[in-house]
Amino acid sequence: MMPPSTARRLCFLSLLLLLLLLAAAASATADAAAAEEFTEELLLRPLPDRKALAHFHFRSSAPPASAAGRHHHLFPKAISQLVQKFHISELELSFTQGRWNYEQWGGYDPMSTNNAKPPGVELWAIFDLPLAEIDATWKNLTHTLSGLFCASINFLESSTAFSAPRWGFKLNEGNLRYGALPREAVCTENLTPWLKLLPCRDKAGIASLLYRPSVYKGYYHSQKLKLKSSQSLGIILDQTLTVVLQPNTVSGKQLHSTGGQLQPSWSMEHLFSKKLSGKCLVSKSSRVFVEIEKGIVDNVDKAGSDVSSNNDLFVLSTAPDRSLKELDNLEVQSSSLYEYDVNNYNSDKPLNVGITWKLPLIWSCTRAPYHASRFLMGSGNERGSIAMSFLSTGLDKQLVDSSNDCSIKAVVFQVVPWYVKVYYHSLEVFIDGNSKAISEVVDKIHVTPSEDKLLPGTMEMLLKFPCSMQLATLTLDFDKGFLHIDEYPPDANQGFDIPSALVSFPEFNSSRSYPEADPLFVSPLLENFKEDGVVKSYTEVLLVPLTTPDFSMPYNVITFTCTVLALYFGSLLNALRRRIGEEERGLKKAGILNKRGLIPLLIAKLRGQKVDPSESESTSPASLPRSKLLLKVVFVAVVAIVFHYLSNS
Amino acid sequence: MAFARWVPGPSRPVLFFLLKTLPLLVLLTFSSAAPPAASSPAAVHNNNWAVLVCTSRFWFNYRHMANTLSLYRTVKRLGIPDERIILMLADDMACNPRNNYPAQVFNNENHQLNLYGDNVEVDYRGYEVTVENFLRVLTGRHESAVPRSKRLLSDEGSHILLYMTGHGGDEFLKFQDNEELQSHDLADAVKQMKEKHRFKELLIMVDTCQAATLFSQLQSPGVLAIGSSMKGENSYSHHLDSDIGVSVVDRFTFHTLAFFEKLNMYSNASLNSLFNSYDPSMLLSTAYYRMDLYKRALNEVMAR
């Protein structure tokens with residue numbers, strides 16, 4: 001029999017153990033259940049050319065599959081199934097209409113680096129599979145995405161539409177595939193399934209602002225889906241929508257007393273015809289940011305006031321909850337962000353962030369070191385040239401020594417369809433108008449030449465430009481190929497597109513860091529800004545007119561051939577069967593035919609009169625036919641004149 | 001009965017008789033809402049599908065897109081969900097650079113109704129709308145990679161509405177100005193569908209010029225077809241919207257919609273009343289329907 005104190009101790013210990021086990025179990029389940037997160041953010045920014053940028057950012061994250069199983073309560077199941085089925089480690093799919101205006105809207109900040117995408121559809125994916133299986137998986141992936149997002153992404157399935165860059169796009173070991181469809185239309189049907197991936201869809205929270213006519217009336221809109229998956233971190237899905245809009249305000253055209261023109265004062269209601277009446281209830285955080293760029297901040301500093309939400313140059317309509325200032329390398333303040341927490345607002349007190357300008361202001365956004373653009377040269381349907389130009393924008397490279405060794409690196413990645421047959425040996429480089437040897441400028445080049453109907457031509461180049469250069473031009477000659485008549489699209493005479501080329505500057509980094517006041521929570525938007533992003537810009541899409549056949553030729557051939565055959569057979573049958581003059585001889589034999597002429601004979605026959613052979617002309621044979629001819633001519637002339645007058649009256 | 005005057009051919013007295021007795025049938029069966037027994041003993045009507053096809057490209061064919069989207073909106077409103085609708089649009093009108101009202105498609109110049117709305121899912125768009133893909137959708141013979149949302153997953157209990165609009169002619173329908181769907185191709189596809197038990201009843205509506213010729217070769221039972229015009233007649237557009245700059249709807253579809261806008265999901269209207277609502281003087285063509293393959297009397301609600 002145990003002493004009562006030992007028994008009590010044992011009891012107490014077992015109870016403690018039980019409690020510990022329960023706590024551990026509870027925390028484990030709590031960890032697994034709470035790990036699916038959703039955050040939504042909106043960033044608004046005034047642009048120098050009187051427009052406004054709105055950037056929606058939604059992030060859903062799911063823990064690793066082993067912990068959570070196959071049940072999700074926030075994360076879209078379609079995406080997790082996609083990742084598991086196709087073994088995707090990274091994927092980005094963007095739908096864009098419009099062209100990002102690098103001169104006005106900037107090229108050096110994280111927004112333009114991450115969200116300025118080429119027009120149409122761009123898809124790239126990195127697979128976690130052996131290299132031999134990747135092409136088949138890519139094909140199935142394109143079909144699945146086309147069903148999911150109501151777009152013709154399945155056109156990227158054939159080997160003529162995608163390429164496998166090694167270092168020109170993103171450094172990889174051969175498991176990256178890239179494809180672009182420049183002519184794909186983007187409309188509400190692409191946004192509908194994209195919004196259905198969000199837990200609150202477009203019914204609550206920041207996504208409820210998306211008034212479709214406003215979004216599609218903009219100058220640029222790009223919806224993007226980016227996902228990263230790993231065994232340790234699970235799946236992180238970032239959905240962003242970037243829209244550049246012209247706010248429709250009355251004050252836009254006012255002239256200020258000082259003579260300059262005020263920038264338009266706008267608010268969320270002007271942009272979207274709606275106010276924000278609360279957050280999505282399942283979101284972990286919901287914030288609205290207003291970004292005031294370095295250019296404006298410098299002007300405010302010059303005007304002498306401090307950069308608060310209400311200063312001499314502008315005033316924000318609602319007082320922000322917080323303001324964050326970006327610190328660059330030299331600890332000098334550049335841009336600043338004003339943050340609003342949507343949790344504090346609801347349908348009774350909706351949030352309508354806006355900016356009102358007090359003084360006219362002109363500023364500019366920082367641009368990439370070179371402005372890259374691409375155009376076609378040459379004329380005719382046989383050959384041409386692709387030219388790419390790099391125009392210096394005056395961004396100084398922060399290097400101590402400005403001797404001849406200073407150079408700026410640029411990486412060019414270009415995919416050209418097979419029917420534009422580029423001759424890569426004809427590459428020529430001109431720096432400030434002078435032709436240079438390729439080895440002086442091109443550091444590294446990797447070319448996959450095109451094969452007819454099989455592969456597009458891929459080119460990845462690393463160029464080194466001297467810092468003092470103003471303008472560089474690269475030219476490549478090409479021949480135009482022929483397509484089979486079945487391969488032409490229905491509107492073949494519009495031309496064929498060469499997708500945008502990507503130019504990146506590896507030595508320039510576009511990251512921005514905002515010191516976060518709340519150490520517990522990091523905003524995904526600001527996290528993206530902090531990421532090391534290489535400055536990138538996309539060039540224009542080129543439209544190449546190819547020779548098109550005359551599509552009506554099959555019809556014409558059939559018609560001509562049938563006509564020729566009909567004429568041939570008709571005349572053949574006539575020649576074989578008909579005897580010329582037989583009828584006349586028969587009539588003459590019967591003595592019926594006389595010199596009265598054909599028309600009277602016909603008339604008599606019609607009347608049913610018997611032709612009397614004894615009747616004969618008594619008048620002189622020479623003048624009568626002539627007078628008859630004259631009568632006929634006069635008759636025809638009278639009929640023609642009457643018809644002319646009747647038709648004109 | 002406006003139809004009686006216009007029906008040609010030797011079967012006129014028979015048709016006369018039929019048309020006279022149909023209202024009686026309608027009255028008799030109007031009270032009882034239960035549908036009659038199915039033609040095959042095993043199949044009971046348990047789902048509805050819609051395949052809506054617009055085959056014309058380019059801005060001046062705006063009205064064909066508006067036709068199809070009007071039917072899409074009607075069909076969704078009366079109860080068929082997006083998962084059961086295959087929508088094929090050959091071009092993008094709503095976000096077309098020439099559209100003054102981005103993301104909005106109208107079928108009336110009063111611009112009261114935005115057909116595009118906020119929730120539209122297009123399954124086949126642009127260059128994907130081809131005769132091959134259309135026939136693959138009907139017969140269900142796709143490549144293995146094609147996703148489920150692009151397949152017609154109907155079974156022997158399905159009622160399917162197939163609506164086609166575009167430019168057509170004698171025994172053909174033009175796809176994107178590039179290729180043609182012939183009437184015997186369509187008849188073959190429907191025959192395959194019947195053999196594979198892909199539908200219980202099929203209603204084909206065609207709004208093109210000489211539409212009735214497109215289903216002249218059909219032979220499968222259980223198919224009801226209605227076209228907007230007969231052989232030798234054109235189908236006309238309804239009105240021109242001077243703001244958008246092109247015609248926005250065709251006459252046949254306009255009158256069809258006028259009929260359906262009065263209905264909701266619970267109405268009990270019959271097809272016969274739909275057919276009676278077509279007035280040839282308003283359509284400027286004869287809406288012709290073919291019911292010889294259809295065994296039941298015309299007392300069925302479209303959406304049920």
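Trainee: Why is the pairing of B:E143 and A:K139 called a salt bridge?

Mentor: In this predicted model, the side chains of B:E143 and A:K139 come to 3.8 Å, N to O. The cut-off is 4 Å between a Lys or Arg side-chain nitrogen and a carboxyl oxygen of Asp or Glu, so a Lys and a Glu at that distance qualify.

Trainee: How many salt bridges are there between chain A and chain B?

Mentor: The count between the two chains is six. On the chain A side, α6 (134-149), α7 (188-196) and α8 (212-216) each supply at least two of the residues that touch chain B.

Trainee: What makes up that side of chain A by residue class?

Mentor: The side of chain A that touches chain B has 11 nonpolar, nine polar and nine charged residues.

Trainee: How do you know which residues belong to the contact of chain A and chain B?

Mentor: Heavy atoms must lie within 4.5 Å. On that basis, chain A gives 29 residues and chain B gives 27 residues. Between them the chains bury about 2400 Å², with 53% of it on carbon and sulfur atoms. There are also 17 residue pairs in polar contact, both partners at pLDDT 80 or more.

Trainee: Now to the inside of chain A. Which domains does the assignment give?

Mentor: Domain 1 of chain A covers 37-119 + 182-250 + 273-291, and domain 2 covers 370-515 + 528-551. Their centres, taken over C-alpha atoms, are 29 Å apart.

Trainee: With centres 29 Å apart, what makes you say that the domains are in contact?

Mentor: The 29 Å runs from centre to centre, whereas contact is judged on heavy atoms within 4.5 Å. By that test, 22 residues of domain 1 of chain A are in contact with 25 residues of domain 2 of chain A. The two domains bury about 1900 Å² between them, 55% of it on carbon and sulfur atoms.

Trainee: Why does A:R183 with A:D491 count as a salt bridge?

Mentor: The closest N and O atoms of A:R183 and A:D491 are 3.8 Å apart. The limit is 4 Å for an Arg nitrogen and an Asp carboxyl oxygen, so the pair passes. The rule finds four salt bridges across this domain interface.

Trainee: Which elements of domain 1 of chain A touch domain 2 of chain A?

Mentor: β2 (52-62), α4 (102-105) and α5 (110-115) of chain A each supply at least two residues to that side. α5(A) gives the most, with four residues. By class, this side of domain 1 of chain A has nine nonpolar, four polar and nine charged residues.

How values were computed
Residues numbered from 1 in each chain as written. Chains lettered and ligands numbered in written order. Predicted model: local features only at pLDDT ≥ 70, side-chain atom pairs only at ≥ 80, totals over all residues. Heavy atoms only, no water. Buried area = accessible area lost by both parts, 1.4 Å probe. Polar contact = N/O pair within 3.5 Å; in protein donor to acceptor, adjacent residues only side chain to side chain. Nonpolar A, V, L, I, M, F, W, Y, C, P; charged D, E, K, R; others polar. Domains from an automatic or database assignment.
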